[in-house]
Amino acid sequence: MDQESLSIRTTSTGHTLFHRKYLGMAFYTPVLLLYYYVLKNYDHIYENTSTSEAFNTLKRFRKCYFTGWNLTAQICFISVALADEISTLYKTPFTLRKTLGLMRRYIFTAIVFPCTLLVSILFWSLYTLDRELVFPKSLDEHYPPWMVHSVHSFVVLPLIVEMNLNKGNGIEVVDFSYTLPVLTAFLLAYKITLFTVHLLYDVWLYPIFRYLSWWQRSFFLGHVKRRAKSMAVRSF
């Protein structure tokens with residue numbers, strides 16, 4: 001290989017590493033701003049009044065929906081990911097970089113990856129089958145399509161980006177066996193929330209549960225839990 005070819009290859013490799021170095025920050029910064037904008041729009045929407053039962057249920061129990069829990073988890077993950085990217089960029093002490101890297105991978109593997117896929121797949125599957133089971137048509141006047149897609153479709157994009165970012169920073173991949181208890185606790189906490197709302201207020205957060213018997217509800221939630229664990233195993 002002549003000197004000119006070697007120089008071109010070295011330059012090309014340098015540019016590739018440069019782009020990879022800033023890719024995480026370039027992607028996650030606008031995503032974090034988008035999520036902030038989405039949350040502010042939700043606050044604005046909930047200032048409205050309506051005769052729609054579905055809207056009033058959403059407004060009253062807005063902190064109890066799994067979609068919101070998942071979005072919160074994504075915001076936490078992206079905040080840690082940005083801190084990790086910045087620490088790597090400015091070459092902070094290795095201990096700090098390793099801690100942030102492990103936190104990033106832990107949150108992603110334990111909660112963000114499986115729960116985001118659950119939110120997206122379950123929502124659009126039920127929506128396609130019969131939207132009244134998950135997002136009644138009466139809600140369309142309150143929630144513009146871009147907001148619906150931002151929390152049920154766009155949220156998958158950070159998963160794809162995170163799984164394809166360069167990981168050559170000496171950071172260990174978190175074994176799923178260590179994250180399983182966290183995922184189990186997260187799903188159990190939501191199940192308790194779901195049934196507590198029903199028992200105290202006689203309200204099912206998701207319309208589909210109105211049409212299921214108790215054993216069908218248990219089977220459905222059990223299946224969802226198994227699918228979440230299966231997705232987490234495949235995350236890395």
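User: Buried means under 20% relative accessible area, exposed over 50% and partly exposed in between (1.4 Å probe, protein chains only); what is the relative accessibility of tyrosine 35?
Analyst: This is a predicted model, in which local features need pLDDT of at least 70 and side-chain atom pairs count only at pLDDT 80 or more, while totals for chains, interfaces and linings use all residues. Residues are numbered from 1 along each chain as its sequence is written, and side-chain values use heavy atoms, without hydrogens and water. Tyrosine 35 counts as buried because its relative accessibility is 1%.

User: What geometry does the ring pair of tyrosine 35 and phenylalanine 154 have?
Analyst: A search of the whole structure finds 27 aromatic pairs, where rings of Phe, Tyr and Trp (its six-membered ring) pair if their centres lie within 6.5 Å, and planes under 30 degrees apart count as stacked, over 60 as edge-to-face and the rest as tilted. In this pair the ring centres are 6.3 Å apart and the planes stand at 85°, so the geometry is edge-to-face.

User: How many residues apart in sequence are the parts that this pair ties together?
Analyst: Helices are DSSP runs (H or I, at least four residues), numbered from the N terminus. Tyrosine 35 belongs to helix α1, whereas phenylalanine 154 belongs to the loop between α5 and α6 (157-164), so the separation of the parts that the pair ties together is 119 residues.

User: Is phenylalanine 154 buried or partly exposed?
Analyst: The relative accessibility of phenylalanine 154 is 25%, and therefore this residue counts as partly exposed.

User: How far apart are the ring centres of phenylalanine 123 and tryptophan 124?
Analyst: Phenylalanine 123 is buried, with a relative accessible area of 6%, while tryptophan 124, at 22% relative accessibility, counts as partly exposed. Both residues are part of one aromatic cluster, which also includes Tyr42, Tyr46, Phe55, Tyr127, Phe135 and Tyr143. Their planes are at 85°, so the pair is edge-to-face, and the distance between the centres is 4.8 Å.

User: Why are the buried residues Ala54, Phe55, Thr57 and Leu58 on the same side of α2?
Analyst: In α2, the buried residues are Ala54, Phe55, Thr57 and Leu58. They lie on the same side of α2 because the arc that they cover around the axis is only 160°. That arc is taken from the directions from the helix axis to the C-beta atoms.

User: Which residues are exposed on the other side of α2?
Analyst: Phe55, one of the buried residues of α2, is also part of the aromatic cluster that holds Phe123 and Trp124. On the other side of α2, the exposed residues are Glu53 and Arg60.

Technical notes: Helices (H or I, at least four residues) and strands (E, at least two) are DSSP runs, numbered from the N terminus.
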